[in-house]
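Grab a pencil and try each exercise before you read its solution. Take a look at the model first.

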Amino acid sequence: MQASLQSTERIRREGRMGEIGSLLPQLIRDAKAAARTHGGSQAAAAQSVLAEAYQVAATTLTALGKEDAAFTALERSMEAARHGDDPHLETVGFSSLAWVLTKQGRLADAERVATTAAERIEPKFRSQPIELALWGILLLRAATAAVRLERRDTVRDLLNMASAAAARIGTDRIDYATPFGPTNAGVAKVNFLVEMGEGSDALRVARAVPDLASLPPTWRARFHVDRALAYADLNKDDGACQALLTAEHTAPEWMRYHSTSRRLVAELRNRERHRTSPITELADRLDLDQ
């Protein structure tokens, strides 16, 4: 089951949404059956796999705009984690919960969940890299909510702490299907600058993001969408178009479902309705309504 879970997580990171829909139900059924059949350590291990599978389901459903179903999957994940053998899974669950709450528009709740969980696991001098990474991920979740609440000072404080954790780790890593390290901290900073309407600074920081190739395809694609948003805000449509095409090349199936990407493509297409261009061709590939 663990191998199936790792394969499912990889497919999710690569944005192959159709395959996720066919793999996850069987993985969840297998993990449930194993938890019922076995006892002791085997049952606990099966519960941990089940918790991770439900977490993947929750993040996938969130990406598809089905936040209520994602919340249900996350509740089941947290319940399984309580019976599992992985002490980090509850922390990962709080991170996913903060993301789902953010997508539901419950921003204050999202920030509170993430910051409370981060305070609970605040690293010590001898903390291991995975503990630093999970703490940093929670700080970025909190910052994502804070930026939409227009709390700029809070965003900068959270980002500074997350960046310090990333620097202490010193390299990029992926834990529980989520990347963290110097690259992801840089990508997050670009996202926050875009959210705050600071397009020029976002593009400047984007040019300095290290080792982008270390991130999964969906994270790289989202980074290029942020670049596109920054260009569009500066009325540099050619730059926005090129960034969107790069995002599509990086994670084509993900682009078909990502609401921000679709909205921006539609907006750019409407600016130049009277001529054929790469953006109108991209809109056709995304099956956007005319």
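Below are six exercises, each followed by a worked solution.

Before you start: this is a predicted model, where local features need pLDDT of at least 70, side-chain atom pairs count only at pLDDT 80 or more, and totals for chains, interfaces and linings use all residues. Residues are numbered from 1 along each chain as its sequence is written, and side-chain values use heavy atoms, with hydrogens and water left out.

**Exercise 1. Describe the protein chain as a whole.**

Step 1: Start with the helices and strands, which are DSSP runs numbered from the N terminus (helices: H or I, at least four residues; strands: E, at least two). The protein chain has 15 helices and 2 strands.

Step 2: Check how much is tucked away. Buried means under 20% relative accessible area, exposed means over 50%, and partly exposed is in between (1.4 Å probe, protein chains only). Of the 290 residues in the protein chain, 53% are buried.

Step 3: Turn to the surface. Accessible areas come from the Shrake-Rupley method with a 1.4 Å probe, and for residues only the protein chains shown count as cover. The protein chain's accessible surface comes to about 13700 Å², with 48% of that belonging to carbon and sulfur atoms.

Step 4: Finish with contacts, meaning heavy atoms within 4.5 Å. Take the contacts with a separation of 6 or more: 62% of them join residues 24 or more positions apart.

**Exercise 2. Find the largest nonpolar core and zoom in on two residues.**

Step 1: Know what you're after. A nonpolar core is a set of buried Ala, Val, Leu, Ile, Met, Phe, Trp, Tyr and Cys residues joined through side-chain atoms within 4.5 Å. As background, nonpolar side chains tend to be buried together in soluble globular proteins.

Step 2: Size it up. The largest nonpolar core has 90 residues, and those with the most contacts inside it are Phe180, Val190, Phe192, Leu244, Met255 and Val265. Helix H7 (residues 129-148) supplies the largest share of this core, 14 residues.

Step 3: Pick Phe192. Skipping neighbours within four places in sequence, phenylalanine 192 is in contact with Leu140, Ala143, Thr144, Val147, Val155 and Leu159.

Step 4: Follow the trail to Leu140. Leucine 140 sits in helix H7 and counts as buried because its relative accessible area is 8%. Beyond four places in sequence, its contacts are Leu159, Ala162, Phe180, Asn184, Ala188 and Phe192. Leucine 140 and alanine 162 are 22 residues apart in sequence, yet 6.7 Å apart in space, C-alpha to C-alpha.

**Exercise 3. Is threonine 91 buried or exposed, and what does it touch?**

Step 1: Locate threonine 91 in helix H5 (residues 89-103).

Step 2: Apply the cut-off. Threonine 91 has 12% relative accessibility, so it counts as buried.

Step 3: List its partners. Not counting residues up to four places away in sequence, threonine 91 touches Ile121, Leu134 and Leu138.

**Exercise 4. Work out where serine 48 sits and which residues it contacts.**

Step 1: Serine 48 lies in helix H3 (residues 40-63).

Step 2: Serine 48 counts as buried because its relative accessibility is 5%.

Step 3: Leaving out neighbours within four places in sequence, serine 48 contacts Gly84, Asp85, Asp86 and Leu89.

Step 4: Compare sequence with space. Serine 48 and histidine 88 are 40 residues apart in sequence and 10.0 Å apart in space, C-alpha to C-alpha.

**Exercise 5. Do the same for glutamate 248.**

Step 1: Glutamate 248 belongs to helix H12 (residues 237-250).

Step 2: With a relative accessible area of 14%, glutamate 248 is buried.

Step 3: Past four places in sequence, glutamate 248 has contacts with Met255, Leu282 and Arg285.

**Exercise 6. Look at the loop between strands E1 and E2, and ask what is unusual about phi there.**

Step 1: Recall the background: most residues other than glycine have a negative phi.

Step 2: Place the residues. Tyrosine 176 is in the loop between strand E1 (173-175) and strand E2 (178-180), and alanine 177 is in the loop between E1 and E2 too.

Step 3: Read the angles. Tyrosine 176 has a positive phi of about 55° without being a glycine, and alanine 177, also not a glycine, has a positive phi of about 70°.

Step 4: Check burial. Tyrosine 176 is buried at 18% relative accessible area, and alanine 177 is buried at 14%.
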